[in-house]
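Reader: I am new to this structure and would be grateful for a guided introduction. May I put my questions in turn?

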Amino acid sequence: MGRLPEGLGWVYELKLDGYRAQAIRDSTGVRLLSRNGKDFSKRFPGVLAALKQAIPNHTAVDGELVAFDGEGKPSFNELQNSNSNTNVVFYVFDVLMAHGRDFKALPLLKRSSILQSFLVTSDRIQRSEQFAGDVQPFLSAVREIGGEGVVAKQLDS
């Protein structure tokens, strides 16, 4: 692994091993789409139902679908072979649009604040937490839990 950028303008997130997806809620309902536009809505009904309470109308968020095994550990295999009984959580890490307003051009710091203001979390919908400061303790913790890795994000990007 290469060196992560460090400094006041950076935050770090746990890299999640799942399917990247966008949740979109509009006047027709809620959809869960892959980066390629594949509709995940029917495949993850528990997440879809929770999204109806989690995000307001005319909103699009970006995140990662993650499945957990019987021991509560993230499992890509469980996700690939998921069924209606699989514990799948949608971790939201960015807002693209909220209440009909496009926020993609705003810096991450502002988008994170907007996301925090409306996202309603539950057992199926979580916010991907960001950590600031010295990256070394965070890296050590990620290694200790056997995490997938770390994503560094610039706050003014």
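**A guided reading**

Author: Lys110 has its place in helix H3. The model discussed here is a predicted one.

Reader: Is Lys110 buried, partly exposed or exposed?

Author: Burial requires under 20% relative accessible area, and exposure requires over 50%. Lys110 has a relative accessible area of 45%. Because this value lies between the two limits, Lys110 is partly exposed.

Reader: What distance separates the C-alpha atoms of Lys110 and Ala54?

Author: Along the chain, Lys110 and Ala54 are 56 residues apart. In space, the separation of their C-alpha atoms is 19 Å.

Reader: How are the buried residues of H3 arranged around its axis?

Author: The buried residues of H3 are Leu108, Arg111, Ser112, Ile114, Leu115 and Phe118. Viewed down the axis of H3, these residues fall within an arc of 160°, so they line one face of the helix.

Reader: Which residues are exposed on the other side of H3?

Author: Exposure calls for over 50% relative accessible area. On the side of H3 opposite the buried residues, the exposed residues are Leu109, Gln116 and Ser117.

Reader: What covers the buried residues of H3?

Author: The cover includes one helix, H1, which spans 45-54. Strands also contribute to the cover of these buried residues, including S1, S4, S5, S7 (125-127) and S9.

Reader: With which residue does Asp94 form a salt bridge?

Author: Asp94 lies in strand S5 (residues 87-98), and its partner lies in helix H3 (residues 108-118), so the pair ties together parts that are 17 residues apart in sequence. Both residues of the pair are buried. The closest N and O atoms are 2.8 Å apart, within the 4 Å that a salt bridge allows. The partner of Asp94 is Arg111.

Reader: How many salt bridges does a search of the whole structure find?

Author: The bridge between Asp94 and Arg111 has been described above. Glu13 also forms a salt bridge, with Lys153 as its partner. A search of the whole structure finds six.

Reader: How many residues apart are Glu13 and Lys153?

Author: The closest N and O atoms of this salt bridge are 3.2 Å apart. Glu13 belongs to strand S1 (residues 10-14) and Lys153 to strand S9 (residues 150-154), so that the pair links distant parts of the chain. Glu13 and Lys153 are both buried. Their spacing in the chain is 140 residues.

Reader: Which residue forms a salt bridge with Glu148?

Author: Glu148 lies in the loop between helix H4 (135-144) and S9, and its partner in the loop between S1 and strand S2 (19-26), so the pair ties together parts that are 133 residues apart in sequence. The closest N and O atoms are 3.9 Å apart. Glu148 is partly exposed at 45%, and Lys15 is partly exposed at 36%. The partner of Glu148 is Lys15.

Reader: Which element gives the most to the lining of the largest pocket?

Author: The largest pocket holds about 460 Å³ of space, and 22 residues line it, with Leu14, Lys15, Leu16, Pro74 and Ile145 nearest its centre. Two or more lining residues come from each of S1, strand S4 (59-68) and H4. The lining divides into eleven nonpolar, four polar and seven charged residues. With three residues, the element that gives the most is H4.

Reader: How many residues of the lining of the second largest pocket are charged?

Author: The second largest pocket has a volume of about 360 Å³. Its lining has 18 residues, of which Leu16, Arg20, Arg35, Glu64 and Phe93 lie nearest its centre, and S1, S2 and S9 each give two or more. The lining comprises six nonpolar and four polar residues, and the number of charged residues is eight.

Reader: What is phi of His58 near?

Author: Most residues other than glycine have a negative phi. His58 lies in the loop between H1 and S4 and is partly exposed at 35%. Its phi is a positive value, near 60°.

Reader: What is phi of His99 near?

Author: His99 lies in the loop between S5 and strand S6 (101-102). At 56% relative accessibility, His99 counts as exposed. In this residue, which is other than glycine, phi has a positive value near 55°.

Terms used. Residues are numbered from 1 along each chain as its sequence is written. This is a predicted model: local features need pLDDT of at least 70, side-chain atom pairs count only at pLDDT 80 or more; totals for chains, interfaces and linings use all residues. Side-chain values use heavy atoms; hydrogens and water are left out. A salt bridge is a side-chain nitrogen of Lys or Arg within 4 Å of a carboxyl oxygen of Asp or Glu. Helices (H or I, at least four residues) and strands (E, at least two) are DSSP runs, numbered from the N terminus. Buried means under 20% relative accessible area, exposed over 50%, partly exposed in between (1.4 Å probe, protein chains only). On a 1 Å grid over the protein atoms alone, a cavity is a set of points where a 1.4 Å probe fits but cannot get out, and a pocket is an open set with protein on both sides within 12 Å along at least five of seven lines; lining residues have an atom within 4 Å of a point. Grid points are joined across faces, edges and corners, and a volume is the space filled by probe spheres set on the points. Ala, Val, Leu, Ile, Met, Phe, Trp, Tyr, Cys and Pro count as nonpolar, Asp, Glu, Lys and Arg as charged, and the others, Gly among them, as polar. The arc is that of the directions from the helix axis to the C-beta atoms. Contact means heavy atoms within 4.5 Å.
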